[in-house]
Amino acid sequence: MITVAAAQPFPFAFPPDRTALIVIDMQRDFIEPGGFGETLGNDVSLLSAIVPTTARLIGLFRAQGWTIIHTRESHAADLADCPPAKRTRGGPALRIGDEGPMGRILVRGEPGNDIIPELAPLPGEIIIDKPGKGAFYATALGDILRLKGITHLIFAGVTTEVCVQTTMREANDRGYDCLLIEDATESYFPAFKAAAIDMIRAQGAIVGWTAPLAALEAAVKGTR
Ligand code: TIU
């Protein structure tokens, strides 16, 4: 076991061979102008801040040979997996499936739906395409984790209070111990990021633990 001593609300211990990193939706659609995030009215520039830290976190897992899973929020070209309620909600500049500057908004295989080049998955890393905010809904993630014997999950990605928090809650209800890396997750709303982190670790880790990347790095270094 490796123990992240500085995790909150108390130390987080994980068995590396039964742990996976899940990097949520680090896609051009959320991080670059002209994608889904911007069509919803958000200032997407805030999200780039975590790219270097997330790259370091992925690099740590690669160096150790530990399991890495990337997710992409995406829909089929015919939008058969996109509930009308999701497509018609609000008054976005462009709707899911509309043609934008990076191809069709939030559609699988379009340039804007790719993971940003700085964090591109390597061969052998798992990619989960998900139509919902949670990565367990309508995907094979649960089966994949079970087959690999995974019991602990470490989370990064965007946005903290939407897809990251939803997936952590899904995972927590399925019995996984979850750690969120605070400086490898970001929101369009700084107050929502702070609130999500607070509510995840409140009540004795009711959803899970949080820690800065340096705390995980220090814990891993201690085992070498
Ligand atoms: N809008 C927003 O904050 N997030 C999403 O729609 N998806 C993800 O969080 N990936």
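**Close-up views of the ligand site and nearby backbone**

**View 1. Residues around the ligand in the predicted model.** The ligand is surrounded by Asp25, Phe30, Phe36, Leu40, Glu73, Lys133, Val158, Thr159, Val162, Cys163 and Tyr188. By class, this shell holds seven nonpolar residues, one polar residue and three charged residues.

**View 2. Polar contacts of the ligand with Asp25, Glu73 and Cys163.** Two of the contacts shown involve side chains and nitrogen of the ligand. A polar atom in the side chain of Asp25 is 2.8 Å from a ligand nitrogen atom. For Glu73, an N or O atom of the side chain lies 2.9 Å from a nitrogen atom of the ligand. Cys163 contributes through its backbone: one of its backbone N or O atoms is 3.2 Å from an oxygen atom of the ligand. The ligand on its own exposes 280 Å², and the protein buries 93% of that area.

**View 3. The largest pocket, with the ligand in place.** The ligand sits in this pocket, whose volume is about 470 Å³. The lining comprises 26 residues, and those closest to the pocket centre are Phe36, Leu40, Glu73, Lys133 and Val162. These five residues also appear among the residues around the ligand. Glu73, one of those closest to the centre, is also the residue with the side-chain atom 2.9 Å from a ligand nitrogen.

**View 4. Helices and residue classes in the lining of the largest pocket.** At least two lining residues come from each of α2 (36-39), α4 (84-88) and α6 (160-173). Sorted by class, the lining has 14 nonpolar, eight charged and four polar residues.

**View 5. Backbone of Asp25 in the loop between β3 and α1.** The loop that holds Asp25 runs between β3 (19-24) and α1 (28-31). Asp25 has a positive phi of about 55 degrees, although it is not a glycine. The side chain of Asp25 has a polar atom 2.8 Å from a nitrogen atom of the ligand.

**View 6. The cis peptide bond from Val158 to Thr159.** Omega for this bond is near -15 degrees. Thr159 belongs to the loop between β8 (152-158) and α6. Both Val158 and Thr159 are among the residues around the ligand.

**View 7. The cis peptide bond from Gln8 to Pro9.** Here omega is near 10 degrees. Pro9 is in the loop that lies between β1 (2-4) and β2 (12-14).

Conventions. Residues numbered from 1 in each chain as written. Predicted model: local features only at pLDDT ≥ 70, side-chain atom pairs only at ≥ 80, totals over all residues. Heavy atoms only, no water. Near = heavy atom within 4 Å. Polar contact = N/O pair within 3.5 Å; in protein donor to acceptor, adjacent residues only side chain to side chain. Areas by Shrake-Rupley, 256 points an atom, 1.4 Å probe, with all protein chains shown as cover. 1 Å grid on protein atoms, 1.4 Å probe; cavity = no way out; pocket = protein on both sides within 12 Å on 5 of 7 lines; lining within 4 Å. Sits in = over half its atoms within 2 Å of the grid points. Nonpolar A, V, L, I, M, F, W, Y, C, P; charged D, E, K, R; others polar. Points joined across faces, edges and corners; volume = space filled by probe spheres on them. Helix = DSSP H or I, 4+ residues; strand = E, 2+ residues; numbered from the N terminus.
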